Amino acid sequence: MKLGEKRKWAAERVSTYVLYVLAGLSVLVFGAFFAIGYHRPFDDDPRFNAPLFTNVLLVFMFLLLVTAIAVGIWSVMKSLRRRNKDENVVNGVPVARISYGVAAFTVVLLLLTFLLGSSSSILINAIPYADTFWLKAADMFVWSSGVMLLSGLAAVVFGYTRYYRKEKK
């Protein structure tokens, strides 16, 4: 086993363990949220629920978000430091152009969906919520996620039909 293969195996093993730990923690936290004290009445208005593990769930999601952002920034910085001009094209694939294109697409998509997002108030627990920034931010994430999922699906279908397109030429 060569050194590069050993590193790849170690990274693959670490990522597998991280996936298992995150999946286990998610099942545990969400399971506790829904199974233990979910139907506790809210003190101010007993018509609403005040689940016992709401704070645990919120902290868990916040930690996941912060960790994902930190790892993403670290990964980009590490890649930029290690990359040289010879890696712009790998096996005939313009890797650098694709990376820059995806990053630009993501930034433009987030900006557009934020600017075009709805700011009309909504009812939450029978109370109108009208904070323009958070309404637009929520709309941005919903629409951006949908567009990215459809873009990913289109890319998979395009890649899958490559062999059929080659045969027709």
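# A tour from L135 outward

Select L135 to begin: leaving aside residues up to four places away in sequence, L135 touches S118, S119, S120, S121, I122, Y129 and A130. The model on screen is a predicted one. L135 has its place in helix 4, which covers residues 132-160. Is L135 buried or exposed? Its relative accessible area is 9%, under the 20% limit, so L135 is buried.

Keep L135 selected and add S121, one of the residues that L135 touches. The two are 14 residues apart along the chain, and a distance drawn between their C-alpha atoms reads 7.7 Å.

**The whole chain**

Now zoom out and colour by secondary structure. The protein chain has 5 helices and 2 strands. Read from the N terminus, the order of elements is α-α-α-β-β-α-α. Why is the chain described as more spread out than a compact globule? The globule rule gives 15 Å for 169 residues, and the radius of gyration of the protein chain is 22 Å, well over that value, so the chain is more spread out than a compact globule.

Turn the view along the principal axes: the box filled by the C-alpha atoms is roughly 65 × 45 × 35 Å. Colour next by accessibility. Of the 169 residues, 11% count as buried. Switch on the surface, and the exposed area of the protein chain is about 14,200 Å², with 71% of it supplied by carbon and sulfur atoms.

For contacts, take those with a separation of 6 or more: residues 24 or more positions apart account for 31% of them. Then show the charged side chains. There are 19 positive and 10 negative charges in the protein chain, and the mean positions of the two sets lie 15 Å apart.

**Helix 1**

Move to helix 1, residues 3-35, and select Y20 within this helix. The relative accessible area of Y20 is 57%, over the 50% limit, so Y20 is exposed. For a distance across the model, pick I73, 53 residues along the chain from Y20; the C-alpha atoms of Y20 and I73 are separated by 23 Å.

L19 is also in helix 1. With a relative accessible area of 54%, L19 is exposed. Pair L19 with V142, 123 residues apart along the chain, and the C-alpha separation is 24 Å.

**The aromatic cluster**

Show the aromatic side chains next. How many aromatic pairs does the structure hold? The structure holds 5 aromatic pairs. One of them joins F33 and Y38: the ring centres are 5.7 Å apart and the planes stand at 75°, so this pair is edge-to-face. F33 counts as buried, at 11% relative accessibility. Y38, by contrast, is partly exposed, with a relative accessible area of 25%.

Stay on Y38 and add F34. The rings of F34 and Y38 have centres 5.3 Å apart and planes at 45°, so the pair is tilted. Tilted is the term for angles that are neither under 30 degrees nor over 60. Select F33, F34 and Y38 together to finish: these three form one aromatic cluster.

Terms used. Residues numbered from 1 in each chain as written. Predicted model: local features only at pLDDT ≥ 70, side-chain atom pairs only at ≥ 80, totals over all residues. Heavy atoms only, no water. Helix = DSSP H or I, 4+ residues; strand = E, 2+ residues; numbered from the N terminus. Rg over C-alpha atoms; globule rule 2.2 N^0.38 Å. Buried < 20%, exposed > 50% of the residue type's maximum accessible area, 1.4 Å probe, protein only. Contact = heavy atoms within 4.5 Å. Areas by Shrake-Rupley, 256 points an atom, 1.4 Å probe, with all protein chains shown as cover. Lys, Arg positive; Asp, Glu negative; His and termini not counted. Charge placed at Lys NZ, Arg CZ, Asp CG, Glu CD. Phe/Tyr/Trp six-rings, centres within 6.5 Å; stacked < 30°, edge-to-face > 60°.
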